[in-house]
Each structure stands twice: as structure tokens, then as C-alpha cells.
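Thank you all for coming; I would like to walk through one protein model this morning. Please have the sequence and the structure open while I talk.

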Amino acid sequence: MAAAAGAVAVGRCWWASCVVLLLVAVVATVAAAPTPVVLMHGINSHAASLDHTSDLIKKYIPGTYVLKLEIGDGAPDSIFMPMREQIGIFCQIVQSDPQLVNGFHLMGVSQGGVLSRGFIEYCDSPRAEGHHSEVFGLKRGREPASF
């Protein structure tokens with residue numbers, strides 16, 4: 001009888017430990033900050049054109065850090081600055097932002113999608129966890145260029 005009571009006590013202790021560990025995991029997941037989001041505007045535009053998108057993300061995913069990238073002087077540089085130079089600046093901005101060191105979601109609009117793809121091909125550090133744009137696919141046998 002004493003052995004059976006001891007087994008029940010051990011079983012209850014094990015079960016309680018599992019419940020506590022599950023609760024800790026749930027609280028840690030809920031308490032974790034949402035994955036940051038980086039937005040890149042299109043040609044002949046500027047970072048402020050993404051204000052509405054940024055506001056929606058912050059509204060529906062509270063606590064999300066959103067970076068609206070601006071390369072150079074916005075609209076003029078989006079047209080006249082060489083793409084490689086824009087991608088290099090994109091990489092520098094993202095890599096210098098401490099909020100992005102653990103990864104982020106990346107969304108590019110129009111030419112911003114091309115620049116986002118360039119970031120993934122040439123830099124991708126920190127790692128973009130999700131790339132959302134109309135540009136996709138890697139060129140086979142192509143080595144990334146260095147900046």
C-alpha cells in the first residue's frame with residue numbers, strides 16, 4: 001500500500017512538473033516580441049508611402065517593430081541611383097539596426113521587391129525569415145557579388 005501511495009505521489013509530481021513546463025512555454029511564447037518587419041518602397045516613391053501598411057501591421061500585431069527603409073533621397077535616388085548601390089545601402093541599414101539581429105520579415109513593393117531580393121542574394125545577414133514580393137527564385141550557378 002505504501003509503495004502504491006509513493007507511486008501516486010511521484011505520478012502527481014511528474015504531472016505537475018509537465019503542467020508547469022507547459023505553462024512556462026506558453027507564457028514565454030506569448031511574451032516574446034513579434035518578429036520585426038522591414039518594408040521597402042517602390043520606384044519614384046519614399047518611405048512615407050508605406051505609413052498605412054506600417055500602421056496596419058502595428059494595429060493587428062501590437063508591439064511589432066516596423067522599419068520603413070529609405071535609401072538616399074527617396075524618389076530621385078530610387079530612379080537615378082544604380083541598383084547595386086541601392087542594395088549596398090539597403091544592406092548597411094538593415095545590418096546596423098539592432099532590432100533586426102534575430103531576423104525579420106521583408107516586404108518590398110514594386111522595385112522594393114527587387115531591392116529586397118537583392119538583399120537576400122547579396123547580404124541576407126541578419127536573416128530575412130520571410131520575403132514577400134512579386135520577385136522570386138534564385139539564378140542557378142550564380143555567386144553573390146560582394147559590396
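I will begin with the confidence and the overall layout, and then turn to the cores, the disulfide and the salt bridges.

Please keep in mind throughout that this is a predicted model. The mean pLDDT of the protein is 77, and 67% of its residues reach 70 or more. Among the elements, helix H1, which covers residues 2-31, has the lowest mean pLDDT, at 44, while E2 has the highest, at 96. Within residues 13-29 the pLDDT is below 50, and this stretch has zero contacts in the model beyond near neighbours in sequence. Residues 135-139 also stay under 50 in pLDDT, though for them the model has six contacts beyond four places in sequence.

As for the layout, the secondary structure comes to five helices and four strands, and from the N terminus on the elements run α-β-α-β-α-α-β-α-β. The protein has 147 residues, of which 33% count as buried. If we take the contacts between residues at least 6 apart in sequence, 65% of them join residues at least 24 apart. The protein exposes about 9,300 Å², and carbon and sulfur atoms supply 64% of that area.

Let me move to the interior. Which residues of the largest nonpolar core touch the most other members? This core has 18 residues, and the ones in question are Val38, Leu69, Phe90, Val94, Phe104, Leu106 and Phe119. Two or more residues of the core come from each of strand E1 (37-40), E2, H4, strand E3 (104-108) and H5. Phenylalanine 119 is worth finding on your screen: leaving aside its neighbours within four places in sequence, phenylalanine 119 is in contact with Ile87, Phe90, Cys91, Val94, Phe104, Leu106, Asp124, Ser125, Pro126 and Ala128. Apart from the largest core there is another, of five residues, among them Val37, Leu39, Ile57 and Val66.

One of the contacts of phenylalanine 119, Cys91, brings us to the disulfide. The model has one disulfide, and it joins cysteine 91 to cysteine 123, with an S to S distance of 1.7 Å. Cysteine 91 lies in helix H4 (residues 83-95), whereas cysteine 123 lies in the loop between helix H5 (111-122) and strand E4 (128-132), so the pair ties together parts that are 32 residues apart in sequence. The link of cysteine 91 and cysteine 123 is right-handed, with 90° about the S-S bond. Cysteine 91 itself is buried, its relative accessible area being 4%.

Finally, the charged pairs: how many salt bridges does a search of the whole structure find? The search finds two. In one of them, aspartate 51 pairs with lysine 68, and their closest N and O atoms are 2.4 Å apart. Since aspartate 51 belongs to helix H2 (residues 51-60) and lysine 68 to strand E2 (residues 66-69), this pair ties together parts that are 17 residues apart in sequence. Aspartate 51 is partly exposed, with a relative accessible area of 30%, and lysine 68 is partly exposed with a relative accessible area of 30%.

Arginine 117 and glutamate 121 form a salt bridge through their side chains, at 3.9 Å from N to O. Both of these residues lie in helix H5, four residues apart, which is about one turn of the helix. Are they buried or exposed? Arginine 117 is buried, and glutamate 121 is buried as well.

Note on methods: Residues are numbered from 1 along each chain as its sequence is written. This is a predicted model: local features need pLDDT of at least 70, side-chain atom pairs count only at pLDDT 80 or more; totals for chains, interfaces and linings use all residues. Side-chain values use heavy atoms; hydrogens and water are left out. A disulfide is a pair of cysteine sulfur atoms within 2.5 Å. Buried means under 20% relative accessible area, exposed over 50%, partly exposed in between (1.4 Å probe, protein chains only). A salt bridge is a side-chain nitrogen of Lys or Arg within 4 Å of a carboxyl oxygen of Asp or Glu. pLDDT is the predictor's confidence in each residue, from 0 to 100. Contact means heavy atoms within 4.5 Å. A nonpolar core is a set of buried Ala, Val, Leu, Ile, Met, Phe, Trp, Tyr and Cys residues joined through side-chain atoms within 4.5 Å. Accessible areas come from the Shrake-Rupley method with a 1.4 Å probe; for residues, only the protein chains shown count as cover.
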